[in-house]
Amino acid sequence: MGTPVADPRSRDFVWTDHTGPRRRLSSEQVRAYDEQGFFVIEQAFDPDTLAGLIEDLDRAKVQVDAFLRKRPGGRLFIARADEITFTTHLVTRSERARAFICNALFRDIVHDLIGPDVRLYWDQAVYKKPGTEAPFPWHQDNGYTFIEPQQYLTCWVALTDADLDTGCPWVVPGLHRGGTLRHALTELGWQCFDEPPREPVAVPVRAGGVVVFSSLTPHKTGPNRSRDHVRKAYIVQYAPDGAEAVEGRGVEGGDGTGRRTPCTAPDRQYPVLRGGRPVAGS
């Protein structure tokens, strides 16, 4: 794909800046989110906090690898055995993951950037193994499943150090303000452009840090060219209560009038905040 093109379902989109009230984020962080589409919180979690979570994610990833190796070519969609794995919905099988996504830091972030009524939308562990040369394509998270409202939130948690050698995130600042772009399917995943229309920014982050970005921020991760470092990340996404998945892609000029499914799966899209307060049992 060449020049980025707006998804037709996004033609009426207007980015909403965040004016408060705020519980935790600084004015500089909120300004960076509104203007650039991302910011980083370094040392958000200590090794002890991550250790049990990683243990559960590692165990689940072994099962995913075993499944992929039985598939033709050792792959399923964008997951490839011994290269890159996506282990989804960890909260349905790990109490530690369930507790982690509702920790006080995330509750405050979603309050400040989404509002008082928030649900978990998605969670997945992404492990990129040594020698994985293929980068993950430029995409917006809302380019995979079109969600309305389009402004939901991704927290990319580095479980191990992520740098230029191991496959850290890259983002294209500022494009999020235009809404969802049209995406084309490639063998490596959905893609909104081959080359970014403005200068991309590498976002290296050490273990325990979090890259916070909009569902509309174009991003990718680079190859893992290390010899022995599995780059591990846990991606947690939150959406406003009432968000819906809209059927039909914008590739052929869809107008967003397809069937809408509320993002309320009880086992994995449960409330995190209601009226600004933590939800018991979440």
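A residue counts as buried when its relative accessible area is under 20%. By this criterion tyrosine 234 is buried, since its relative accessible area is 0%. The model described here is a predicted one.

## Nonpolar cores

Tyr234 also belongs to the largest nonpolar core, which has 41 residues. Ile101, Phe106, Ile109, Val212, Tyr234 and Tyr238 are the members with the most contacts inside this core. Apart from it lies another core, of 16 residues, including Phe136, Cys168, Val203 and Ala233. In soluble globular proteins, nonpolar side chains tend to be buried together.

The surroundings of Phe106 can be listed in detail. When residues up to four places away in sequence are not counted, phenylalanine 106 touches Phe45, Phe100, Ile101, Cys155, Val157, Val210 and Tyr238.

## Aromatic pairs and charges over rings

Across the whole structure, 10 aromatic pairs are found. One of them joins phenylalanine 100 to phenylalanine 106 in an edge-to-face arrangement, with 5.5 Å centre to centre and 90° between the planes. Phenylalanine 100 and phenylalanine 106 are both buried. Phenylalanine 100 forms a tilted pair with tyrosine 234, at 6.0 Å centre to centre and with 45° between the planes. Because phenylalanine 100 lies in helix α3 (residues 95-100) and tyrosine 234 in strand β15 (residues 231-240), this pair ties together parts that are 134 residues apart in sequence. The relative accessible area of phenylalanine 100 is 6%, so this residue is buried. Phe45, Phe100, Phe106, Tyr234 and Tyr238 make up one aromatic cluster.

Charged side chains also meet aromatic rings. Arginine 98 places its charged end over the ring of tyrosine 270, at 3.9 Å from the ring centre. The charged end of lysine 220 sits over the ring of tryptophan 170, 6.0 Å from the centre of that ring.

## The second largest pocket

The second largest pocket has a volume of about 480 Å³. Its lining consists of 29 residues, of which Thr16, Ile114, Pro149, Gln151 and Pro240 are the closest to the pocket centre. Helix α4 (residues 104-113) gives the most to this lining, with three residues.

## Backbone geometry

Most residues other than glycine have a negative phi, and most peptide bonds are trans. Several places in the model depart from this pattern, as tabulated below.

| Site | Backbone value | Place |
|---|---|---|
| Gly20 to Pro21 | cis, omega near 0° | Pro21: segment before α1 (27-36) |
| Glu148 to Pro149 | cis, omega about -5° | Pro149: loop between β7 (147-148) and β8 (153-158) |
| Gln43 | phi near 50° | loop between β1 (38-41) and α2 (47-69) |
| His89 | phi near 55° | loop between β4 (84-88) and α3 |

Proline 149, which follows a cis peptide bond, is among the residues closest to the centre of the second largest pocket. Are the two residues with positive phi, glutamine 43 and histidine 89, buried or exposed? Glutamine 43 counts as exposed, because its relative accessibility is 73%. Histidine 89 counts as buried, because its relative accessibility is 18%.

## Two acidic residues

Aspartate 56 is located in helix α2. With a relative accessibility of 13%, aspartate 56 counts as buried. Once neighbours within four places in sequence are left aside, aspartate 56 is in contact with Ser94 and Arg96. The C-alpha atoms of aspartate 56 and arginine 93 are separated by 8.7 Å, although these residues are 37 residues apart along the chain.

Glutamate 133 is placed in the loop between β5 (118-128) and β6 (136-139). Glutamate 133 has a relative accessible area of 43% and is therefore partly exposed. Leaving aside neighbours within four places in sequence, glutamate 133 contacts Pro223 and Arg225. Its C-alpha atom is separated by 36 Å from that of arginine 107, a residue 26 residues apart along the chain.

Key
Residues are numbered from 1 along each chain as its sequence is written. This is a predicted model: local features need pLDDT of at least 70, side-chain atom pairs count only at pLDDT 80 or more; totals for chains, interfaces and linings use all residues. Side-chain values use heavy atoms; hydrogens and water are left out. A nonpolar core is a set of buried Ala, Val, Leu, Ile, Met, Phe, Trp, Tyr and Cys residues joined through side-chain atoms within 4.5 Å. Buried means under 20% relative accessible area, exposed over 50%, partly exposed in between (1.4 Å probe, protein chains only). Contact means heavy atoms within 4.5 Å. Rings of Phe, Tyr and Trp (its six-membered ring) pair if their centres lie within 6.5 Å; planes under 30 degrees apart count as stacked, over 60 as edge-to-face and the rest as tilted. Helices (H or I, at least four residues) and strands (E, at least two) are DSSP runs, numbered from the N terminus. A charge sits over a ring if NZ of Lys or CZ of Arg is within 6 Å of the ring centre and within 35 degrees of the ring normal. On a 1 Å grid over the protein atoms alone, a cavity is a set of points where a 1.4 Å probe fits but cannot get out, and a pocket is an open set with protein on both sides within 12 Å along at least five of seven lines; lining residues have an atom within 4 Å of a point. Grid points are joined across faces, edges and corners, and a volume is the space filled by probe spheres set on the points.
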